[in-house]
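This report describes the strand pairing and overall dimensions of the protein shown below. It is written to be read beside the sequence and the structure.

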Amino acid sequence: MSPSEELRLLKSVLEQLPGNVYWKNKEGKFLGCNNNTAKIFNARPDDLINLTDYELMPIDMARKLELNNQLVMSTGKELILEEDGIDKNHMPARYLSYKSPLKDELGCIIGIIGTSLNIEPVNLCFSWYFS
C-alpha cells in the first residue's frame with residue numbers, strides 16, 4: 001500500500017468511527033478531529049483547527065474539559081471519565097470520554113488525543129426503565 005493509499009484509508013477509518021475523535025495541542029487548540037466532532041459546532045473538521053473549547057462552548061464547560069485535558073498531559077496517563085458537553089442539536093449531553101497523552105515520535109507529550117461517545121440516550125433508557 002502506498003503512503004497516499006494508507007492516508008486515505010486512515011482518513012476513512014477516522015470518519016467511520018462512532019462518536020467524536022479529536023486531538024489537541026498543549027494549549028488546548030484543536031489539531032484535528034473527525035466529522036462527528038465538527039458537526040457539534042456546525043463546522044467542518046478544518047474549521048476547528050487552532051480553536052479552543054473556550055471559543056466553541058460555554059466557559060464553565062470549557063474550563064472542566066481543559067482541567068481534564070491538563071490532568072492527562074501532566075500525569076502522562078490516560079483518563080476515562082464522564083464529561084458534560086453539547087450534542088449536534090446544541091442540547092446538553094453526557095459523554096463517556098477516553099483521553100490519552102498525544103506524543104511525538106520521540107515520546108514527548110505534545111497534547112491529548114481523545115474519543116467521546118454521547119451516552120445521554122443510554123442514561124435516558126436507564127431512567128425510563130428504573131422509574
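In this predicted model, strands S4 and S5 run antiparallel and are joined by nine bridges. Within this pairing, Leu96 has Leu117 of S5 as its bridge partner. The two strands constitute a hairpin, with five residues separating S4 from S5. In the turn of that hairpin, Gly107 adopts a positive phi of about 90°.

Strand S4, which spans residues 92-103, also pairs with strand S3, residues 79-86. The sense is again antiparallel, and eight bridges connect S3 with S4. One of the residue pairs involved is Leu81 with Ser97, the latter lying in S4. S3 and S4 likewise form a hairpin with five residues between them. Here the turn contains His90, whose phi is positive at about 65°.

Strand S5 (residues 109-118) has a further antiparallel partner in strand S1 (residues 20-25), to which six bridges join it. In this pairing, Asn25 is matched with Gly111 of S5.

The three pairings are set out below.

| Strand pair | Sense | Bridges | Bridge partners |
|---|---|---|---|
| S3 and S4 | antiparallel | eight bridges | Leu81 and Ser97 |
| S4 and S5 | antiparallel | nine bridges | Leu96 and Leu117 |
| S1 and S5 | antiparallel | six bridges | Asn25 and Gly111 |

Turning to the protein as a whole, the model contains five helices and five strands. Along the sequence these elements follow the order α-β-β-α-α-α-β-β-β-α. The protein is as compact as a globular protein of its length, because its radius of gyration of 16 Å is close to the 14 Å that the globule rule gives for 131 residues. Measured out along the principal axes, the C-alpha atoms occupy a box of roughly 55 × 35 × 25 Å.

How much of the protein counts as buried? Of its 131 residues, 36% fall into that class. Among contacts with a separation of 6 or more, 35% are between residues 24 or more positions apart.

The surface and the charges complete the account. The accessible surface of the protein amounts to about 8500 Å², and carbon and sulfur atoms contribute 60% of this area. The protein carries 14 positive and 18 negative side chains. The centres of these two sets of charges lie 1 Å apart.

Conventions: Residues are numbered from 1 along each chain as its sequence is written. This is a predicted model: local features need pLDDT of at least 70, side-chain atom pairs count only at pLDDT 80 or more; totals for chains, interfaces and linings use all residues. Side-chain values use heavy atoms; hydrogens and water are left out. Two strands pair if DSSP finds at least two bridges between them. Helices (H or I, at least four residues) and strands (E, at least two) are DSSP runs, numbered from the N terminus. The radius of gyration is taken over C-alpha atoms; the globule rule is 2.2 Å times the number of residues to the power 0.38. Buried means under 20% relative accessible area, exposed over 50%, partly exposed in between (1.4 Å probe, protein chains only). Contact means heavy atoms within 4.5 Å. Accessible areas come from the Shrake-Rupley method with a 1.4 Å probe; for residues, only the protein chains shown count as cover. Lys and Arg count as positive and Asp and Glu as negative; His and the chain ends are not counted. The place of a charge is taken as NZ of Lys, CZ of Arg, CG of Asp or CD of Glu.
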